[in-house]
Amino acid sequence: MKRIITVCTIAVMLVACAGRPKQAANEEPEPLSHPRVEIVYNAKSELAVLDTGATPTVGLGGLLGPVGVLVAIGADVASRSNSMDQVASRSKRFQQAIEESQGELTLHREYAERLAEAMRATGREVKLTPSNRATGAARKMELAGLTATPGYEVMLLRITAGYGAPSLTADFRPIISVEYALRDDKLQPITWNSVTSNRGGPTYFAYDTLLKENKAAYEGVRQELFATVGRVMNNDFPKQE
């Protein structure tokens, strides 16, 4: 049951773009938003495999992991040959196969490090703090025992990755959700956001193929996850202008 309560949320794509007028030569540059950030991320990498026949609703995964996906699908799940036991079994076998070929999974740590590197490239100071998986909807994420480093905003980062099929006849493909909530150094809310992806590759027609080709499948989900770093940066951590 513990494995069930860890992974999956996905569905809405948030993209924001806004033009800015050119800055006059004698104007002071705008202050850098969120100049000092402590990224608190869920360090334990766990992968879900779902063939639920529907696209899950963002947010429920924060409450119940893969169970939330099933809840989002509704009573229709009962009429399919899917169950929480199957989700747990398939996810466990897939992850074990990857660990046997790759060693200990460091996916979430790698992502947090890449995000921190991107932030530092814009002039921000960044700290990384591995932790447990935050709970609750993105805008109200909670983490027991959370404390802030004086002078740093806190970025509660919740990473979800795995494979899913949008319908019973569709291929398995990577499903990614990156949710985050920013708090000030007194843990008061500043903003929240999420970035999702469920249309990338590689794709696999059957679960057995996904399991057999686990090495390539894992690399595929890594690349899809890492591709969201730029979107997070564009949304809330732009360069100084």
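Which residues does Val40 touch, not counting residues up to four places away in sequence? The legends below begin with that one.

This is a predicted model, in which local features need pLDDT of at least 70 and side-chain atom pairs count only at pLDDT 80 or more, while totals for chains, interfaces and linings use all residues. Residues are numbered from 1 along each chain as its sequence is written, and side-chain values use heavy atoms, with hydrogens and water left out.

**View 1. Val40 and the residues it touches.**
Let's start with Val40, which sits in strand 1. Helices (H or I, at least four residues) and strands (E, at least two) are DSSP runs, numbered from the N terminus. Leaving out residues up to four places away in sequence, Val40 touches Thr129, Ser131, Leu143, Leu146, Val154, Met155, Leu156 and Leu157; contact here means heavy atoms within 4.5 Å. Take Leu146 from that list: Val40 and Leu146 are 106 residues apart in sequence, yet their C-alpha atoms are 8.9 Å apart in space. Val40 has a relative accessible area of 4%, so Val40 is buried. For this label, buried means under 20% relative accessible area, exposed means over 50%, and partly exposed lies in between (1.4 Å probe, protein chains only).

**View 2. Arg124, a buried residue without a salt bridge.**
Look for Arg124 in the loop between helix 4 (107-120) and strand 3 (125-131). Where might a charged partner be? The nearest side chain of opposite charge, Glu153, is 7.6 Å away, and Arg124 has no salt bridge. In this count Lys and Arg are positive and Asp and Glu negative, while His and the chain ends are not counted. A salt bridge is a side-chain nitrogen of Lys or Arg within 4 Å of a carboxyl oxygen of Asp or Glu. The side chain of Arg124 does reach two backbone oxygens: that of His34 at 3.2 Å and that of Pro238 at 3.1 Å. Setting aside neighbours within four places in sequence, the contacts of Arg124 include Leu32, Met119, Met233 and Phe237.

**View 3. Helix 4 and the pair Glu110 and Arg222.**
Does the length of helix 4 agree with what its residue count predicts, or disagree? At 1.5 Å a residue, the 14 residues of helix 4 should span 20 Å, and the end C-alpha atoms are 20 Å apart, which agrees. The expected span is 1.5 Å times one less than the number of residues. Several residues of this helix are buried, among them Leu107, Tyr111, Leu115 and Met119. Glu110 meets Arg222 in a salt bridge, side chain to side chain (2.5 Å, N to O). Glu110 lies in helix 4 and Arg222 in helix 6 (residues 214-226), so the pair ties together parts that are 112 residues apart in sequence. Both Glu110 and Arg222 are buried.

**View 4. More salt bridges, from a structure that holds six.**
The side chains of Glu125 and Arg36 meet in a salt bridge (3.3 Å, N to O). Because Glu125 lies in strand 3 and Arg36 in strand 1 (residues 36-42), the pair ties together parts that are 89 residues apart in sequence. Glu125 is partly exposed, with a relative accessible area of 40%, and Arg36 is partly exposed at 30%. Another salt bridge brings together the side chains of Lys186 and Asp185 (3.9 Å, N to O). Lys186 is exposed, with a relative accessible area of 65%, whereas Asp185 is partly exposed at 34%. Salt bridges that share partners also join Glu110, Glu219 and Arg222 into one network.

**View 5. A cluster of rings: Phe94, Tyr163 and Tyr204.**
How many aromatic pairs are there? The count comes to two, where rings of Phe, Tyr and Trp (its six-membered ring) pair if their centres lie within 6.5 Å, and planes under 30 degrees apart count as stacked, over 60 as edge-to-face and the rest as tilted. Phe94 and Tyr163 form an edge-to-face pair, 5.8 Å centre to centre with 80° between the planes. This pair links distant parts of the chain, with Phe94 in helix 3 (residues 84-102) and Tyr163 in strand 4 (residues 153-164), 69 residues apart. Phe94 counts as buried at 1% relative accessibility, and Tyr163 counts as buried at 0%. Tyr163 and Tyr204 also pair edge-to-face, 5.9 Å centre to centre with 65° between the planes.

Conventions:
A polar contact is a pair of N or O atoms within 3.5 Å; within protein, one must be able to donate a hydrogen and the other to accept it, and residues adjacent in sequence count only if both atoms are side-chain atoms.
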